[in-house]
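Please open the model in your viewer with the sequence panel beside it, and keep a selection tool at hand. The tour below goes from the whole chain to single residues, and each stop says what to select and what is there.

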Amino acid sequence: MITIANTMISSVFNLILFQPLYNALVFLASILPGHSIALAIIILTVLIRFILLPLYHKSLKTQRKLKEIEPELKKIKEEYNNKEEQARRIMELYRFHGVNPFSSIILLFVQLPVILALFYVFSRGFELNLDILYSFVQSPTTVDRTLFGLFPLTEKSYILALFVGLSQFFQIKLSLPPLPPKTDQTPSFQSDLARSMNMQMRYVMPVIITVITSQFPAAIALYWLTGNFFSIAHELLVRREAVGIIGKIK
């Protein structure tokens with residue numbers, strides 16, 4: 001039974017993710033100058049991000065809503081010591097403001113299969129496999145598997161992983177609220193925990209991402225880096241629109 005289940009999962013993964021992703025990369029490489037896989041990855045990443053844009057936009061709006069209702073959340077935690085009642089009140093607050101606190105997690109689970117499929121594509125050196133090409137996809141005679149001639153995308157790249165970490169830092173810095181200033185008053189456990197979580201997300205997470213991407217083919221790092229740039233641009237655009245709306249109201 002386990003073997004059959006694993007076979008079915010593998011077949012679904014190949015049919016829904018691996019083959020479409022592989023064919024999309026081959027198709028893009030066949031029509032791009034120099035048959036560049038790097039450029040194909042960048043374009044494909046942008047296309048995937050545009051497809052997932054409603055989810056990203058919803059996640060961004062959720063983050064902003066959570067910042068707005070933070071005083072109300074703090075008030076609930078102070079008023080209700082009973083954890084069950086506290087959780088119920090918080091969920092009521094989320095429903096009232098139309099907030100889904102799990103939207104970021106959902107987005108992560110949506111992205112993971114794409115990253116796994118990309119890893120599967122490049123872990124084998126991105127060999128052209130005519131057996132899994134769609135009939136309308138023309139296979140190029142050769143493909144450029146390097147990052148614009150700098151280094152192979154099928155091998156690890158610590159330099160590219162470092163850029164991923166730096167871009168992740170700026171992306172997190174834009175999305176997280178600023179660190180609350182320390183006061184002379186005796187700090188509470190909740191404020192210390194919030195500050196600690198903020199610090200870890202801001203400074204530890206980029207380091208973890210750097211280490212992870214340094215252990216995978218550079219193609220994964222390029223996908224992640226392009227995605228981070230897209231997220232940064234999206235965040236800045238949303239901020240600009242928010243400032244424009246506030247300006248009109250005033």
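Helices here are DSSP runs of H or I with at least four residues, numbered from the N terminus. With that convention in mind, select Leu162, which has its place in helix α7; note before going further that this is a predicted model.

**The whole chain**

Now widen the selection to the full chain and colour it by secondary structure: there are nine helices and zero strands, and reading along the sequence gives the pattern α-α-α-α-α-α-α-α-α. Of the 250 residues in the chain, 34% count as buried. If you compute contacts between residues at least 6 apart in sequence, 76% of them join residues that are at least 24 apart. Switching on the surface shows an accessible area of about 15900 Å² for the chain, and 67% of that area belongs to carbon and sulfur atoms.

**Along helix α7**

Select residues 158-175, the range of helix α7. For its 18 residues, a rise of 1.5 Å a residue predicts a span of 26 Å, and the end C-alpha atoms are indeed 26 Å apart, so expectation and model agree.

Which residues of α7 are buried? They are Leu160, Ala161, Val164, Gly165, Ser167, Gln168, Gln171, Ile172, Leu174 and Ser175. An α-helix has 3.6 residues a turn, so residues three or four places apart point the same way.

Stay with Gln168, which is buried at a relative accessible area of 9%, since buried means under 20%. Once its neighbours within four places in sequence are set aside, Gln168 is in contact with Pro206, Ile209, Trp224 and Asn228, and showing these four as sticks displays the surroundings of Gln168 in the model.

Next, select Ile159, Leu162, Phe163, Leu166 and Phe170, which form a nonpolar patch on the surface and together have about 520 Å² of accessible area.

**Aromatic pairs**

Rings are paired when their centres lie within 6.5 Å, and by this rule the count comes to four aromatic pairs. Begin with Tyr134 and Phe136, whose ring centres are 5.6 Å apart and whose planes meet at 35°, so the pair is tilted. Within that pair, Tyr134 is partly exposed with a relative accessible area of 29%, whereas Phe136 is exposed, with a value of 65%.

Then select Phe169 and Phe170: the ring centres are 5.4 Å apart and the planes stand at 70°, so this pair is edge-to-face. Phe169 is partly exposed at a relative accessible area of 21%, and Phe170, a residue of the nonpolar patch, also counts as partly exposed at 46%.

**Two backbone stops**

Most residues other than glycine have a negative phi. Where does His35 lie? Its place is in the loop between α1 (2-31) and α2 (37-51), and its phi is near 50°, a positive value in a residue other than glycine. His35 is partly exposed, with a relative accessible area of 25%.

For the last selection, go to Phe148 in the loop between α6 (103-122) and α7. The phi of Phe148 is likewise positive, near 50°, and Phe148 is partly exposed, with a relative accessible area of 46%.

Technical notes
Residues are numbered from 1 along each chain as its sequence is written. This is a predicted model: local features need pLDDT of at least 70, side-chain atom pairs count only at pLDDT 80 or more; totals for chains, interfaces and linings use all residues. Side-chain values use heavy atoms; hydrogens and water are left out. Rings of Phe, Tyr and Trp (its six-membered ring) pair if their centres lie within 6.5 Å; planes under 30 degrees apart count as stacked, over 60 as edge-to-face and the rest as tilted. Buried means under 20% relative accessible area, exposed over 50%, partly exposed in between (1.4 Å probe, protein chains only). Helices (H or I, at least four residues) and strands (E, at least two) are DSSP runs, numbered from the N terminus. Contact means heavy atoms within 4.5 Å. Patches are made of residues with over 30% relative accessible area and no salt bridge: like charges are joined within 9 Å, nonpolar side chains (Val, Leu, Ile, Met, Phe, Trp, Tyr) within 5 Å. Accessible areas come from the Shrake-Rupley method with a 1.4 Å probe; for residues, only the protein chains shown count as cover. A salt bridge is a side-chain nitrogen of Lys or Arg within 4 Å of a carboxyl oxygen of Asp or Glu. The expected span of a helix is 1.5 Å times one less than its number of residues.
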